[in-house]
Structures are given as structure tokens and as C-alpha cells.
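Please open the structure in your viewer and keep the sequence panel visible beside it. The tour proceeds by selections, each followed by a short account of what is to be found there.

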Amino acid sequence: LELDAPPAIQTTGMYFTAADILDLLSEDLSLLKRALTVFKDAHDDEKMKAFLETGLLPRVCSLAQHTYFEISDLALWVIVNLTAVPSPEASRALLKNMEFMEWLVTKALQNTRISYNACWALSNICGCGAKEATQITDCLVSFEPLVNLIIDSNFSREHRENASFLLSNIARHATPLKGECILRLLPKTLESELSQEILCNIVWTVTYLTDAYPNTYEFDIGKLLQLARSPEYTKHPSTFAGILKLLGNLASSDNTAVIEQMVRTGCIEYLCNFLDRAKCAKEIYWVFSNIAVEAAGAALLTEPHIVAQLLTHASANWHDALWTFANAAKRCTSYSAEQMIACGVPQAICAAMTTMTEMDKNLAVQCLLHLTQKVTEPMRSMLSVYKAALESCEDSPFKTELLALLRVETVRAVMPCAYQLGAGAGYEPTTAAWAAVERLRSELPYASHIRLTGYALTPADTAYLMRIGYVVTLDGCLTLPPSACE
């Protein structure tokens, strides 16, 4: 074994398997330790698979319960390695031995020298899938002893870290009822002194729960927002990534109080500082896009200093940034829309549209449409900005509506009274005149005139329409003057 021979050794006509070797050495503890050490140090997946096939698992399960600590500890190390193999055969075989699993769970929750590895083995088994995690959860009965272990400083740091990793693996496949039980216990963990690894696992525990059921749980994010601000944790990529994912999950729920808390605690301003991190930007824009769905979030995200930071980094990640701008434009007020335009959001989007995918272009057009619908001032100066960008887009209902709105806004700028028929005029036009004007508006921008056949305009109607800026041609068409068409 120590010469790294194959796990099945052929010698002098006798065939020895890994299990046979342990049986042969069982009377000599010193040699047994050496053999278990070889198995423990064999980290190669193919070797571990071969060990499984030659009956090693039942022998090490028996040795794990040995009265001699070093034998028990080494046997558990071998079980940890066997369950860490990508193939789930070892974990499923262990779960069939309920007597051993109950012993393993009991040891994992105790403060003994072998509990560290017992907890690690359970974490590996849980990581195989939902069925395995459910079986481990059933063996635990209650989550409280596991959570108490995590925060108990009498246990070793490694043991507590393994326990927190086990909890996160359980949470990944937890049902809403079990998830609720876990979440009720977690706040006290955030009040304790935690190592970086434990905090990371706690954050991902909550993230897994809210990922599957964002509307099911209520969780006070105040402490997490404090952690997100801590330089100690922002330098730990996995922890910070978990916090970002968690904030995004919570923001995507229907709980408006969560978003209001994010706005109130300065979460948006703080996260803007990390938009220059390529690995963080995607998650941060996702958090922002969810926050923008609520009016309070949209109002803050359209503040000039926030918009300026979003635009600064959008060029490296337009796909995700567009969702933030589109949701904010849809939910914001007219005043906020004017702020976005003043900060140059439409110009930046139009400049980037030629390099976008068709899906992103469609989202960009929606964003421009929402802004145009809300702006009360004339948009005539924006027409040239939109024109080139929109020509690069495929036709869509959003594009059609946007072009129509832009043309209407242009007409409004050229002839302010065009859509205020009767305002300040002595003559009140007939419904036929109104119908003709509405038909012409519906045809824009693809047709700048309509035929008046069938509208039965009176001479007074015709004179009125011409007086306020329309053109009625000799061949019976209602159209706009050339300056307005441009």
C-alpha cells in the first residue's frame, strides 16, 4: 500500500482487497493506523472509487466506532474522502446504514476529537442532492443543537466551520417549513464572534433559503448591511458575493419594507463603490434592478450622483445595467425622468446600442420609451440622438410606440397648439375634425398624411385645422407641414 500499489494486490496466488488488508491488520493497531493513513492520503478519485468497489466502506464504518481515538479518527478521515468523490455511491451506501448514520449525527454534535470529521462527512453527504440532505435533516430532528454548536466558543474553530458548512448544505435543499426553522435560529449567530469561514457559510445559508422562496421569509437585513460595509468582509470574495446575492433575493420579494430598509441604510450608495469590480458588478446591478421596481428605490437610483456612477461603469456591463435603468425609468416620476435625461442616460444608451445584442436593444428601447412617456418638456432636441440608434434596431411594438411618441413630441414643439384643439379658439370643431386628427396621430411616424375621404369635414373645420398649423391639400389629404415632419 505504501508503495502505491493497486488497491487489489496479487501475490503468491492470493488476492487481497482493501477490505481484506484492514481485516488482516485488525489485530495490530500500529499497522492498522499505517494502512488507514494510506487510505486517508489517497485523494485520487479513481483510487477512492476502486476502494469502494473492493468493500472498504463497511470496514471503515466499523473502525470509525473503534474505542481507540486514533483509529476512529483516521477511519472518519477515510469516510470524508470517500464521500467527497463526485460520484454519490459512498454517500448513498452510508444512508442505507441508519444505525451508523444516527451514530455519525450524534458524534457530529458532540464536543469530541472525532466530531470535526463526523461533521465534515455529513456536509459531504448533504452536498450530493436534495434526497440525501432530507435524510440528514430527518436524522438531526432539530436544527437548534447544530446552530448552538456554531456559536459555542468551547468547540474548536474547525468544528464550528464544518457545522456551518453542513447547515448551508442543508439549507440549499430545505423545504419552506424547515427553512423557516433555520432562519428563526440564525439571528443569534450574527451577534456572535464568527470566523470569516463561518460567516461566509451563514450568509450562504440565508441566500440559499431566500433564493428558492424569496417571498416566504422575513429576515432582518440590518446586521448583514453592516457586514457588507465592513472592509474585513468586503475583502473576502465568497462572503461578499453571498451578501450581494442575498440582497438581490430579498429585493426581488414582494416585501417593500426590505427595499425601504436598503434605501434608508445607504445600501445603494455603498454598493456603487464596488461597481468597478468585474465579479461584483453583475450582482450589484441585479440588486439595483430589483430595488428599482419599488418607487422609493427608483427615486434614489435616479438621483444625479447615483446615475453618474451607474453610467461610469455601465459600458463594461450594459446588459445588466440596462435592467436597472429600464426598471427605474418605468417606476420613477416625471421629475426623476428629467433627471435621468439631464444626466445623459438616453445619449449613453443610444451610443451603446449599435454594439448591443437584439435582446438588449429591445430593453434599451423600452427604457427610452418609459423616459419619453414621462417627460413633460419638448423632446425635439432628442430626436437626432434617437434616430441613428433606432435605425440599428429591429422593428418591434416598443420601437413603433417610441417613434410615434418622438414624432408627437416634435409636433408639440413646432406647433404647441396642435393637440389643444379649441383652446383659445372661438370655433369648436366637429367630432369629424377630432377623428381626422386622431387618425393622423395614429399613423405617425410611418405616414405623415391621411386621406379625408369619409370624414365629412365642414368648411369651418378645414379652415380651423389650417389656422392651427395643419395642411389640407387640394387632393383631400390632411398632413403636417414639412418642418414638423422632419
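In which helix is the place of L25? Select L25 and display the ribbon: this residue belongs to helix α1, which covers residues 18-25. Please note at the outset that the model is a predicted one.

**First stop: helix α1**

Keep L25 selected and add A35. These two residues are 10 apart in sequence, and their C-alpha atoms lie 8.2 Å from each other. Apart from neighbours within four places in sequence, the contacts of L25 are L31, L32 and A35. Now select A18, A19, I21, L22 and L25, which are the buried residues of α1. Around the axis they cover an arc of only 160°, which puts them on the same side of α1. A general rule helps in reading such a pattern: an α-helix has 3.6 residues a turn, so residues three or four places apart point the same way.

**The whole chain**

Zoom out until the entire chain is visible. Its secondary structure consists of 31 helices and five strands. The chain has 486 residues, of which 50% count as buried. If contacts between residues at least 6 apart in sequence are considered, 70% of them join residues at least 24 apart. The exposed surface of the chain comes to about 22,400 Å², with carbon and sulfur atoms supplying 54% of it.

Next, colour the chain by pLDDT. The mean value is 78, and 81% of the residues reach 70 or more. Select residues 9-14, where the pLDDT is below 50; beyond near neighbours in sequence, this stretch has seven contacts in the model. Residues 409-425 also have a pLDDT below 50, and for this stretch the model shows 43 contacts beyond near neighbours in sequence. Where pLDDT is low, the predicted coordinates should not be read in detail.

**Second stop: helix α6 and its cover**

Select residues 89-96, which form helix α6. Which residues of this helix are buried? They are A90, S91, L94 and L95. Viewed down the axis of α6, these buried residues fall within an arc of 135°, so they line one face of the helix. To see what covers them, display the surrounding helices: the cover includes α3 (45-53), α4 (56-64), α5 (69-84), α7 (98-109), α8 (115-126) and α9 (130-140).

**Third stop: two residues of helix α8**

Remain with α8 and select N117, which is located in this helix. Is N117 buried or exposed? Its relative accessible area is 0%, so N117 is buried. Now add L76: the two residues are 41 apart in sequence, while their C-alpha atoms are 6.0 Å apart in space. Leaving out neighbours within four places in sequence, N117 is in contact with D73, L76, W77 and V80.

Move on to C119, which also lies in helix α8. C119 counts as buried because its relative accessibility is 0%. The C-alpha atom of C119 is 7.5 Å from that of V105, a residue 14 places away along the chain. Beyond its neighbours within four places in sequence, C119 contacts A108, H159, N162, A163 and L166.

**Fourth stop: a loop residue**

Select M353, found in the loop between α25 (345-352) and α26 (358-374). With a relative accessible area of 0%, M353 is buried. Not counting residues up to four places away in sequence, M353 touches K361, A364, V365, L368, A389, S392 and C393. Of these contacts, C393 is 40 residues from M353 along the chain, and the two C-alpha atoms are separated by 8.2 Å.

**Last stop: an open sheet**

Finally, select residues 449-451, 471-472 and 477-479. In what order do the three strands of the open sheet stand? The order is β3-β5-β4, and the pairing is antiparallel. β3 (449-451) and β4 (471-472) stand at the edges with a single partner strand each, so one side of each is left without a neighbour in the sheet. Strands of a sheet pair through backbone hydrogen bonds, either parallel or antiparallel.

Look closely at β3 and β5: three bridges join these antiparallel strands. Select H449 to find one bridge partner, T479 in β5. To end the tour, add helix α29 (residues 431-443), which lies across β3 and β5 and runs at about 130° to β3.

Key: Residues are numbered from 1 along each chain as its sequence is written. This is a predicted model: local features need pLDDT of at least 70, side-chain atom pairs count only at pLDDT 80 or more; totals for chains, interfaces and linings use all residues. Side-chain values use heavy atoms; hydrogens and water are left out. Helices (H or I, at least four residues) and strands (E, at least two) are DSSP runs, numbered from the N terminus. Buried means under 20% relative accessible area, exposed over 50%, partly exposed in between (1.4 Å probe, protein chains only). Contact means heavy atoms within 4.5 Å. Accessible areas come from the Shrake-Rupley method with a 1.4 Å probe; for residues, only the protein chains shown count as cover. The arc is that of the directions from the helix axis to the C-beta atoms. Two strands pair if DSSP finds at least two bridges between them. Axes are lines fitted to C-alpha atoms, for helices over the stretch in contact, and angles run from 0 to 180 degrees between N-to-C directions. pLDDT is the predictor's confidence in each residue, from 0 to 100.
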